[in-house]
Amino acid sequence: MDSSSKLSRRAWITTASGVVAAGLIRTQTDAIRLDAQEAPPPDPTKVPGRLVSPVGQRAPTERPERLLRTEALSSSSRTPLHELMGTITPADLHFERHHAGIPDIRLENHELLVHGMVDRPMVFTMDDLMRYPRVSRIRFLECSGNGGGVYSRDRMPTEVTVQAIDGLLSTSEWTGVPLSTILREVGVRDGASWILAEGSDSAVMSRSVPLDLLEGALLAFGQNGEMIRPEQGYPLRLFIPGLEGNTNVKWLRRIEVTDQPTHTRDETSRYTDPLGDGTARQFSLVMDAKSVITFPSYPYVLPEEGWWEIRGLAWSGRGRITRVDVSTDGGRNWTPAELQGPIFPQSTVRFRHLFEWNGRDTLILSRATDETGYVQPSVQQLWEARGPQTSYHQNHQRAWRIARTGEVTFGLGELV
Ligand SMILES: Nc1nc2c(c(=O)[nH]1)N[C@H]1C(S)=C(S)[C@@H](COP(=O)(O)O)O[C@H]1N2
Ligand SMILES: [Mo]
């Protein structure tokens, strides 16, 4: 590419909406960041550096237009998984999903009511809650609607990013008070088996969760070292490791202990899975094991053949990931990838696999296995289990095609 087309492309980027631009400018691999460069700065050893500042910022040459949550104007925004490293999602890139906007809540006014089948119904201020012993846990959060765009046989996209497909996934270090501590304070009565959790947004989003899935649950107010962000539920959210995103009620204001599910609007009108045999299942709350390749993926272009590192993320709501296999021949042969430790339960794990691209048309896939022995299914296996239409829990294997030109596109359609 000559420098004038670089310049004009840059001019276009600054005027177009960041969302569109982020999708269009990626014609280089992440190894080669040539475009959108300013004139070179002076020798940094010869001029004084910038002074300290109260809040840090990203390097301008990291092209901040890439580090955007897309679909920022709808009711969800997605994490740019293909632009991130390691496992932790920067808090400002955590995906967002809300049913009626982000409420404006002040710490000093927020209260949590815990009542129902308990000995001592109690109201907790944030000061009360923040005085209890805390824990911090690195855990993923995934919307069960994630991946919805790549399930239908008739509609397999090709020019689509991993962000657009699976960006309703993020991982943070969450800090809070174990829910079990607060349930001990109020004294759960014999016979209780569920809770109802309710948010103070204008959707008054509420979900029922069985007590026996709440073992690791947190009343969370911290995210990656700072107070949880408004988008993530400031000042308090229920965080239930491994369960579908929707049960992680944000802006949490009420927990009612019950002996049955409440069947709220949010759990009857949505979040139910049709099964292949014509029945449906409700309360399929645990997120099944899944993996995605984040590099190479659309819109990267491999500039030459040779050794390349396939990189991605794997996670399971049922515990630890024990194994990720990678195929570089469309799913015929599989090789174990390297897993980056430490591996936490219900957290994303970074996997890496070196492969030598021979310049031919290549279809790459990944397949996760968790500590229960569950193996991420192929799309055919999932269709068989769940039928042709389902809106949630589409955790089947994904594929990327590397064309002879080095261009990478979503490749699942070639296998079905
Ligand atoms: N009160 C409330 N809690 C909520 C929601 C909501 O709209 N209101 N959305 C849910 C859904 S569908 C998901 S996937 C997660 C998203 O959490 P995040 O926005 O922090 O990523 O929050 C859940 N908790
Ligand atoms: Mo969700």
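Where does ligand 1 sit? Select ligand 1 in your viewer and you will find it in the largest cavity. Keep in mind as you go that this is a predicted model.

**Stop 1: the shell.** With ligand 1 still selected, expand the selection to its surroundings: 21 residues lie around it. Phe95, His99, Asp201, Arg237 and Lys250 are the closest of them. Try colouring this shell by class, and you should see seven nonpolar, eight polar and six charged residues.

**Stop 2: the polar contacts.** Now show side chains as sticks and pick Asp201. One of its polar side-chain atoms is 2.7 Å from a nitrogen atom of ligand 1. Next, click on Lys250, where a side-chain N or O atom lies 2.5 Å from an oxygen atom of the ligand. Then move to Gln232: here a polar side-chain atom and an oxygen atom of ligand 1 are 3.2 Å apart. Switch on a surface for the protein and look at the ligand again: on its own ligand 1 would expose 540 Å², and the protein buries 100% of that.

**Stop 3: a salt bridge.** Leave the ligand and select Arg69 together with Glu231. Their side chains form a salt bridge, with an N to O distance of 3.4 Å. Colour the neighbouring elements to see what it joins: Arg69 is in the loop between helix 2 (18-24) and strand 1 (76-77), while Glu231 is in the loop between strand 10 (226-227) and strand 11 (237-239), so this pair ties together parts 162 residues apart in sequence. If you would like to keep exploring, the structure holds 26 salt bridges.

Terms used: Residues are numbered from 1 along each chain as its sequence is written. Chains are lettered from A and ligands numbered from 1 in the order in which they are written. This is a predicted model: local features need pLDDT of at least 70, side-chain atom pairs count only at pLDDT 80 or more; totals for chains, interfaces and linings use all residues. Side-chain values use heavy atoms; hydrogens and water are left out. A residue is near a molecule or strand if one of its heavy atoms lies within 4 Å of it. A polar contact is a pair of N or O atoms within 3.5 Å; within protein, one must be able to donate a hydrogen and the other to accept it, and residues adjacent in sequence count only if both atoms are side-chain atoms. Accessible areas come from the Shrake-Rupley method with a 1.4 Å probe; for residues, only the protein chains shown count as cover. On a 1 Å grid over the protein atoms alone, a cavity is a set of points where a 1.4 Å probe fits but cannot get out, and a pocket is an open set with protein on both sides within 12 Å along at least five of seven lines; lining residues have an atom within 4 Å of a point. A molecule sits in a cavity or pocket if more than half of its atoms lie within 2 Å of its grid points. Ala, Val, Leu, Ile, Met, Phe, Trp, Tyr, Cys and Pro count as nonpolar, Asp, Glu, Lys and Arg as charged, and the others, Gly among them, as polar. A salt bridge is a side-chain nitrogen of Lys or Arg within 4 Å of a carboxyl oxygen of Asp or Glu. Helices (H or I, at least four residues) and strands (E, at least two) are DSSP runs, numbered from the N terminus.
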